[in-house]
Amino acid sequence: MLDIDMRFKQGILFIRLNGILNGDTCMKLEESISTLIEDNGIKYVLFNLNNLDYIDKYGINLILKNYINITNNNGNLIICGIEKLFTYTNSITNNLYQVHDEDKVFELINIWTLSSYNILRRLHTFSIPMCSS
């Protein structure tokens, strides 16, 4: 059984999972979030796995699929509580943004926003000298 609690706060979709995320329960989660994210242009999603008892390859694939969709639309997916489920890291978990406390996501997004703002500001003030002919 899988319980899904979704809340939207300050531009971030929080998805808190409780129970088991496997081949039998993935469809419920996928139906709940796929159109929600796409239809509303949500850029930041946090999956909180702290209360997840078990995740199998289907659950991991679903999270990775959402990661790809969100990053392809210039967003970010953040995972909270992954260390409880995985005792080691690998190339998959190393590429995911991770926080230990979901409230830390606001700090992370503020850093991303500030970095983007500074890059845009630098590009705006950068000028290329015109060649004279």
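## A cavity between two helices

The lining of the largest cavity is made of one nonpolar residue, three polar residues and one charged residue. The model shown here is a predicted one. Which residues line the largest cavity? They are Ser34, Ile37, Glu38, Asn66 and Asn69. Helix 1 contributes the most, with three residues. Helix 1 and helix 2 each give at least two residues to this lining.

How big is the largest cavity in volume? Its volume is about 30 Å³. A search through the whole structure turns up one cavity of 30 Å³ or more. The idea behind such a search is simple. Rolling a probe the size of a water molecule over the atoms reveals where empty space remains.

Now look at the two helices themselves. Helix 1 covers residues 26-40. Helix 2 covers residues 57-72. The two pack at an angle of about 5°, and their axes lie 11 Å apart. Angles under 35 degrees count as roughly parallel. Helix 1 and helix 2 are therefore roughly parallel to each other.

Next comes the contact between them. From helix 1, the residues taking part are Cys26, Leu29, Glu30, Ile33, Ile37 and Glu38. They meet Tyr58, Gly59, Leu62, Lys65, Asn66, Asn69 and Ile70 of helix 2. By type, the residues of this contact split into seven nonpolar, three polar and three charged.

Pick out one of these residues, Asn66. Asn66 sits in helix 2. It also helps to line the largest cavity. Is Asn66 buried or exposed? Buried means under 20% relative accessible area. Asn66 has 5% relative accessibility, so it counts as buried. What does Asn66 touch, once neighbours within four places in sequence are set aside? Its contacts are Ile33, Ile37, Phe47 and Leu77. Ile33 and Ile37 are among the helix 1 residues that meet helix 2.

Finally, move to Lys43. Lys43 lies in the loop between helix 1 and strand 3, which spans 44-55. Its relative accessibility is 35%, so Lys43 counts as partly exposed. Follow the chain from Lys43 to Ile70, and the two are 27 residues apart in sequence. In space, their C-alpha atoms are 6.4 Å apart. Lys43 touches Ile70, and also Asn73, Asn74, Gly75 and Asn76, not counting residues up to four places away in sequence. Ile70 appeared earlier too, as one of the helix 2 residues that meet helix 1.

Notes: Residues numbered from 1 in each chain as written. Predicted model: local features only at pLDDT ≥ 70, side-chain atom pairs only at ≥ 80, totals over all residues. Heavy atoms only, no water. Helix = DSSP H or I, 4+ residues; strand = E, 2+ residues; numbered from the N terminus. Buried < 20%, exposed > 50% of the residue type's maximum accessible area, 1.4 Å probe, protein only. Contact = heavy atoms within 4.5 Å. Axes fitted to C-alpha atoms, helices over the stretch in contact; angles between N-to-C directions. Parallel < 35°, antiparallel > 145°, perpendicular 65-115°, else oblique. Nonpolar A, V, L, I, M, F, W, Y, C, P; charged D, E, K, R; others polar. 1 Å grid on protein atoms, 1.4 Å probe; cavity = no way out; pocket = protein on both sides within 12 Å on 5 of 7 lines; lining within 4 Å. Points joined across faces, edges and corners; volume = space filled by probe spheres on them.
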